[in-house]
Amino acid sequence: MLSTENCQDDAAKLSEVEAEMLSTDLQDWIVTEAYLEKTFRFKNFYETMGFVNAVAWMANQQDHHPDLDVSYSRCRVRWNTHSANGVSRNDFICAARSDALHKKN
């Protein structure tokens with residue numbers, strides 16, 4: 001299960017096939033060559049910010065940081081691995097953890 005794994009140093013960019021295989025473990029994430037992305041929706045700003053803060057804490061613990069686009073009732077999360085110049089297994093790990101945080105809201 002991806003959400004129980006930790007990010008690895010020097011993670012390599014995944015091939016299209018590898019990314020597609022890992023994407024079956026996630027729901028509603030969009031996989032591109034450069035990003036793994038999903039928009040989360042909330043009832044209000046308070047819930048949105050609670051999720052944003054939880055993702056920020058988790059990302060800091062993993063030393064793997066997403067791009068976040070935040071508004072009143074939504075947050076778009078975009079993971080990628082800059083050092084790999086694309087999407088790595090670390091992005092899938094953090095995406096699964098983001099989903100788990102959303103379920104707690």
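## A walk from Lys38 outward

Select Lys38 to begin: its relative accessibility is 12%, so Lys38 counts as buried (under 20%; exposed is over 50%, partly exposed in between, with a 1.4 Å probe and protein chains only). You are looking at a predicted model, in which local features need pLDDT of at least 70 and side-chain atom pairs count only at pLDDT 80 or more, while totals for chains, interfaces and linings use all residues. Residues are numbered from 1 along each chain as its sequence is written, and side-chain values use heavy atoms, with hydrogens and water left out.

**Stop 1: Lys38 and its partner**

Keep Lys38 selected and add Asp99. The two form a salt bridge (a side-chain nitrogen of Lys or Arg within 4 Å of a carboxyl oxygen of Asp or Glu), and their closest N and O atoms are 2.8 Å apart. Lys38 sits in strand E2 and Asp99 in helix H3 (residues 89-104), so this pair ties together parts that are 61 residues apart in sequence. Helices (H or I, at least four residues) and strands (E, at least two) are DSSP runs numbered from the N terminus. Is Asp99 buried or exposed? At 10% relative accessibility, Asp99 counts as buried.

**Stop 2: the other salt bridges**

How many salt bridges does a search of the whole structure find? The search turns up 3. Side chains of opposite charge can pair when their charged atoms come close.

For another of these pairs, select Glu37 and Arg78, whose closest N and O atoms are 3.2 Å apart. Glu37 belongs to strand E2 (residues 36-41) and Arg78 to strand E4, so the bridge ties together parts 41 residues apart in sequence. Arg78 has a relative accessible area of 21%, so Arg78 is partly exposed.

Now move to Arg74 and Asp69, whose side chains meet in a salt bridge with an N to O distance of 3.6 Å. Both ends are worth colouring by accessibility: Arg74 counts as partly exposed at 25%, and Asp69 counts as partly exposed at 30%.

**Stop 3: along strands E3 and E4**

Stay on Arg74, which lies in strand E4. Add Arg41 and draw a C-alpha to C-alpha distance: the two residues are 33 apart along the chain, yet these atoms are separated by 4.3 Å.

Next, select Asp67 in strand E3. With 37% relative accessibility, Asp67 counts as partly exposed. Which separation links Asp67 and Val77 in space, C-alpha to C-alpha? The answer is 6.0 Å, for residues 10 apart in sequence.

Then try Thr48, in helix H2. Thr48 has a relative accessible area of 0%, so Thr48 is buried. From its C-alpha to that of Ser71, 23 residues away along the chain, the separation is 7.8 Å.

**Stop 4: a nonpolar patch**

Switch on the surface and select Phe45, Leu68, Val70 and Tyr72. Together they make a nonpolar surface patch of about 370 Å². Patch residues have over 30% relative accessible area and no salt bridge, with like charges joined within 9 Å and nonpolar side chains (Val, Leu, Ile, Met, Phe, Trp, Tyr) within 5 Å; areas come from the Shrake-Rupley method with a 1.4 Å probe, and for residues only the protein chains shown count as cover. Pick out Tyr72: this residue is found in the loop between strand E3 (67-71) and strand E4 (74-79). At 53% relative accessibility, Tyr72 counts as exposed.

**Stop 5: two loop residues with positive phi**

Most residues other than glycine have a negative phi. Select Asp28, where phi is positive, near 70°. Asp28 lies in the loop between helix H1 (16-23) and strand E1 (30-31), and at 58% relative accessibility Asp28 counts as exposed.

Then go to Asp63, in the loop between helix H2 (45-62) and E3. Its phi is also positive, at about 55°, although Asp63 is not a glycine. At 60% relative accessibility, Asp63 counts as exposed.

**Stop 6: the second largest pocket**

Asp63 also leads to the last stop. The second largest pocket holds about 230 Å³ of space. Of the 14 residues lining this pocket, Gln8, Asp63, His64, Ser83 and Asn90 are the closest to its centre. A pocket is an open set of points on a 1 Å grid over the protein atoms alone where a 1.4 Å probe fits, with protein on both sides within 12 Å along at least five of seven lines; lining residues have an atom within 4 Å of a point. The volume is the space filled by probe spheres set on the points, which are joined across faces, edges and corners.

How does the lining divide by residue type, and which counts result? There are 2 nonpolar, 9 polar and 3 charged residues, where Ala, Val, Leu, Ile, Met, Phe, Trp, Tyr, Cys and Pro count as nonpolar, Asp, Glu, Lys and Arg as charged, and the others, Gly among them, as polar.
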